[in-house]
Amino acid sequence: MYTIGCQMNVLDSELALATLEGDGLNVVERAKEADVVLVNTCSVREKAEEKAYSWLGRMKLLKRENPDLVIGVLGCMAQKEGKLIFRRAPYVDIVAGTAHFTKIDDYVRQVQATGKRILAVGRDEEVETERRLKARETRHSAYVAVQRGCDHHCTYCVVPNTRGMETSRPLEEIVEECKILVGEGTQEITLLGQNIDSYGKRLQPRRRTLSELLYAVADVPGLKRLRFITSHPSDLKPELFQAFKDLPNLMPYLHFPAQSGSDEVLKRMRRGYTFDRYMELVAAAREAVPDMGLAGDTIVGFCGETEEDFEKTVELHRRTRYQNAYIFMYSERDYTPAKQQELADDVPLEVKKRRINHLMQLQRQWAEEENQKKIGQVTEIFGEGPSKKDPSKQEGRNPQNQVVIVESGRDLKGQFYRAEITAATDAALYGKLV
Ligand code: SAH
Ligand code: SF4
Ligand code: F3S
C-alpha cells in the first residue's frame with residue numbers, strides 16, 4: 001500500500017489494510033512480492049496526482065511479470081477521476097473512491113475470481129466506520145476520524161468534491177473507539193476532520209460541539225495525549241481555548257491554516273475572514289495557552305495575487321511566527337469553484353517559485369529563532385523510536401508536536417521521558433535525557 005496525501009488518507013489506508021488482513025492477506029515489504037498492490041491517492045495539487053500515475057507506471061511493469069497482480073487505486077483521485085483512470089492506466093483493476101475503501105477485500109476477491117475491473121465511486125454511500133484493529137502501523141499513536149467531507153467552498157480546493165459534504169460521527173461512537181484503542185495500548189490520539197471546529201453540527205438527536213467531544217475523549221482513562229486537526233479560522237470559537245486549560249492531556253497544538261494574508265485574496269479564496277480577524281484569533285490562542293504551537297498552511301500565487309498581496313502573507317507569517325508552516329504554490333484543479341468561475345491561474349510559475357522560496361526562507365529563519373528560545377527547557381517527550389536520519393539516536397515529540405532528538409542506546413518507542421533541550425534548528429529540537 002502506497003499512501004499519498006493527508007492524515008485522513010493515512011488513516012484510510014490503515015482501515016483498508018485492516019479489512020484485507022481480516023480476509024487473510026498479509027502485508028509484505030516489497031511490491032515485487034505482493035499479490036495485491038494499492039495506492040491511496042490525493043488530488044489536492046497536480047503533483048500529488050502525478051505521483052500516483054508514476055507509481056502506477058512502475059506497477060504496470062510488475063504486472064507484466066505477474067499477470068495475476070491486482071492493482072487498485074483508492075482515495076481522492078479515484079473519486080475525482082473515476083473511470084478516466086482505466087483509460088489512462090488500463091492495467092488497473094480496481095478504482096474505489098473515498099466512501100468505498102473499506103470494501104476493498106470484496107473488490108479484491110471479485111477481481112481474483114472474475115478478472116473483471118471494478119469501479120466504485122458512488123457518492124451516496126456512507127463510509128463504514130467500524131474499526132478493525134489489526135494492521136496498526138504504530139500501536140502507541142492513532143488517528144481517529146470524527147468527521148468526513150467539508151461544507152466549505154474555498155475556491156482553490158478540490159476536497160469538497162472528492163470527499164463530499166461534511167458528516168460527523170456520533171460522539172458516543174468516537175469515545176467507544178478511543179476506549180478500545182487505549183485498551184489496546186494507544187497512548188496518543190489525534191482526532192481528524194477537514195474542518196474539525198464544526199464537528200457535530202448536523203448530529204441527531206442533538207447538535208454536538210468540538211468542545212464536548214474533546215472533554216469526552218480526554219476523559220478516556222489511560223489516554224495520555226489528545227490532539228485534533230484541522231481548524232478553520234471562520235469556525236474556530238475562542239471558547240475552545242478553555243478546553244486546553246481544563247484538560248491536562250489536550251496538547252497545546254493548533255493547526256490553523258490562514259492560506260493568505262491579503263484580504264482581497266482571502267475574499268477570492270472565499271475563506272470568510274480577514275487578516276485582522278486571523279491575528280485576533282492567534283492572539284487569543286496565545287493568551288489562553290502561552291506555549292501553544294501554531295501550525296499553518298499557506299498558498300502562494302493564487303489567482304490575481306499581486307506583490308502587495310504576497311507581502312501581506314509574509315507579514316502574517318512574521319507576526320504569527322508559526323512553529324510549522326506548510327507552504328504551497330497554487331495548483332489549479334478541475335471541479336473547484338476557481339476553475340468553474342474561471343478565476344484565471346494568472347501568476348506565472350517563476351513568480352510563484354520566487355514567492356514560495358522567499359517565504360520559506362523567512363519562515364525557516366523565524367522558526368529557528370523561536371526554537372532556539374527553547375534551549376534550556378525541560379519537556380516531556382513521547383518516544384517514536386530510532387531517528388530516521390541517525391538510528392543511534394532516538395526521536396520523539398514534545399507536547400507541541402515538534403520532533404525532539406536525544407542520544408540513547410535504548411529504543412524509547414512508546415515511552416514517555418523528559419529531556420532538556422540543548423540545540424535547535426528550524427525543523428527539530430535536540431536534547432539530552434534527564
Ligand atoms: N481541510 C484542511 C486542508 C485541506 S487541503 C483545511 O481546510 O485546512 C491541505 C492544504 O492544501 C490546504 O490547507 C491548502 O493550503 C493546500 N491546498 C488546497 N488546495 C490547493 C491548491 N489547489 N493548490 C495548492 N495548495 C492547495
Ligand atoms: Fe478545502 Fe476549504 Fe474545506 Fe479545507 S475548509 S477542505 S481548504 S474547502
Ligand atoms: Fe487529503 Fe488530498 Fe484528499 S489532502 S482529503 S488526500 S485530496
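**Cysteines and ligands, question by question**

A search of the whole structure finds 0 disulfides, a disulfide being a pair of cysteine sulfur atoms within 2.5 Å. This is a predicted model, where local features need pLDDT of at least 70 and side-chain atom pairs count only at pLDDT 80 or more, while totals for chains, interfaces and linings use all residues. Residues are numbered from 1 along each chain as its sequence is written, and ligands are numbered from 1 in the order in which they are written.

Q: How do you know that Cys178 has no disulfide with Cys6?
A: A disulfide needs two cysteine sulfur atoms within 2.5 Å. The closest cysteine sulfur to that of Cys178 is in Cys6, 18 Å away, so the pair is too far apart for a bond.

Q: Why is Cys178 called buried?
A: Buried means under 20% relative accessible area, exposed over 50% and partly exposed in between (1.4 Å probe, protein chains only). Cys178 has 0% relative accessibility, so it counts as buried.

Q: What makes Cys154 count as buried?
A: Its relative accessibility is 6%, and under 20% is buried. Cys154 is also one of the residues surrounding ligand 2.

Q: What makes the approach of Gln194 to ligand 1 a polar contact?
A: A polar contact is a pair of N or O atoms within 3.5 Å. An N or O atom in the side chain of Gln194 is 2.7 Å from a nitrogen atom of ligand 1.

Q: Which backbone atom of Ser331 lies 2.7 Å from a nitrogen atom of ligand 1?
A: An N or O atom does, and 2.7 Å fits the polar contact limit of 3.5 Å.

Terms used
Side-chain values use heavy atoms; hydrogens and water are left out. A residue is near a molecule or strand if one of its heavy atoms lies within 4 Å of it. A polar contact is a pair of N or O atoms within 3.5 Å; within protein, one must be able to donate a hydrogen and the other to accept it, and residues adjacent in sequence count only if both atoms are side-chain atoms.
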